[in-house]
Amino acid sequence: MMFFDITPDDEFYKCENVPGPTKEEIRALVISKVCLTDEDVVVDVGCGTGGLTLEFAKRARKVYSIDINSDAIKTTRKNLEKFGLENKVEILEEEGLSAIDRIEDFTKLMIGGSGGNLKNIIETGYLKLPVGGKIIITSIVLETATESVEMLKELGANPEVVNINVSRGTILDRGVMMKALNPITIVSARKE
Ligand code: SAH
């Protein structure tokens with residue numbers, strides 16, 4: 001295993017009713033926005049399959065992975081064990097806002113799922129981040145991105161918005177046919 005590589009999508013265990021993993025190319029961009037060092041503590045709200053959790057666990061000191069779906073918790077655990085990273089991660093079957101309310105020592109906050117609680121999770125999480133900490137929200141729904149931007153502006157942050165459109169090539173006899181993946185919007189901000 002090359003420790004700092006981005007793990008290919010097809011190396012993850014998957015579970016039918018659990019979304020993810022976040023596509024490899026998107027994970028690479030999220031990693032570049034999070035700017036991790038081995039001193040960081042990351043909270044991953046809505047860890048799903050564990051796609052992003054796995055990338056954080058390779059690079060950070062500690063990760064809290066949170067999901068309300070027990071199958072997501074099991075799948076994330078299985079994926080961490082596959083790569084020998086389970087010791088770095090505290091996996092919690094819990095609603096994101098209540099976890100963020102309780103956890104004190106994080107420096108980076110990833111929100112990949114939030115149910116109806118997006119604004120509260122952003123507000124509580126952003127206020128708890130240390131100066132220089134980062135918050136990242138990935139969204140497949142436009143409203144998640146715009147609500148995130150509004151909330152971050154209200155909190156005095158200066159959000160960055162990136163839309164990522166990835167197409168992958170399928171090699172056919174007559175040439176390479178590109179197939180588009182769902183576009184993802186990444187909203188991020190540094191705590192000022
Ligand atoms: N980034 C993940 C995929 C995230 S899918 C990966 O790479 O594998 C989004 C997840 O958010 C789902 O598993 C869903 O159960 C979870 N979720 C939605 N609302 C939540 C909330 N309020 N608290 C915790 N988890 C939540």
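A residue counts as buried under 20% relative accessible area, as exposed over 50%, and as partly exposed in between. The views below show a predicted model.

**View 1. A nonpolar surface patch that includes a residue of strand β8**. Met-178, which lies in strand β8 (residues 175-180), has a relative accessibility of 48% and therefore counts as partly exposed. Together with Ile-171 and Val-176, Met-178 forms a nonpolar patch on the surface, and the accessible area of these three residues together is about 340 Å².

**View 2. The surroundings of the ligand**. There are 21 residues around the ligand, and those that come nearest are Thr-22, Asp-67, Glu-95, Gly-96 and Gly-115. Asp-67 places a polar side-chain atom 2.6 Å from an oxygen atom of the ligand. Backbone atoms also approach ligand oxygen: a backbone N or O atom of Thr-49 lies 3.1 Å from an oxygen atom of the ligand, and for a backbone N or O atom of Leu-52 the distance to an oxygen atom of the ligand is 3.2 Å. The ligand taken alone exposes 590 Å², of which the protein buries 88%.

**View 3. Cysteine residues in a model with 0 disulfides**. Where a disulfide requires a pair of cysteine sulfur atoms within 2.5 Å, the count for this model comes to 0. The sulfur of Cys-47 has its closest cysteine sulfur in Cys-15, at 12 Å, and this pair is therefore too far apart for a bond. Cys-47 counts as buried because its relative accessibility is 5%, whereas Cys-35, with a relative accessible area of 45%, is partly exposed.

**View 4. Glu-94 in the loop between β3 and α4**. Glu-94 is placed in the loop that lies between strand β3 (89-93) and helix α4 (96-102), and because its relative accessible area is 17%, Glu-94 counts as buried. The side chain of Glu-94 is joined to the side chain of Arg-102 by a polar contact of 2.4 Å. A polar atom of the Glu-94 side chain also lies 3.3 Å from the backbone nitrogen of Ala-99. Glu-94, a buried residue of this loop, thus appears in this view with two partners, the side chain of Arg-102 and the backbone nitrogen of Ala-99.

Conventions: Residues numbered from 1 in each chain as written. Predicted model: local features only at pLDDT ≥ 70, side-chain atom pairs only at ≥ 80, totals over all residues. Heavy atoms only, no water. Patch = residues over 30% accessible without salt bridge, like charges linked within 9 Å, V, L, I, M, F, W, Y side chains within 5 Å. Areas by Shrake-Rupley, 256 points an atom, 1.4 Å probe, with all protein chains shown as cover. Salt bridge = Lys/Arg side-chain N within 4 Å of Asp/Glu carboxyl O. Helix = DSSP H or I, 4+ residues; strand = E, 2+ residues; numbered from the N terminus. Buried < 20%, exposed > 50% of the residue type's maximum accessible area, 1.4 Å probe, protein only. Near = heavy atom within 4 Å. Polar contact = N/O pair within 3.5 Å; in protein donor to acceptor, adjacent residues only side chain to side chain.
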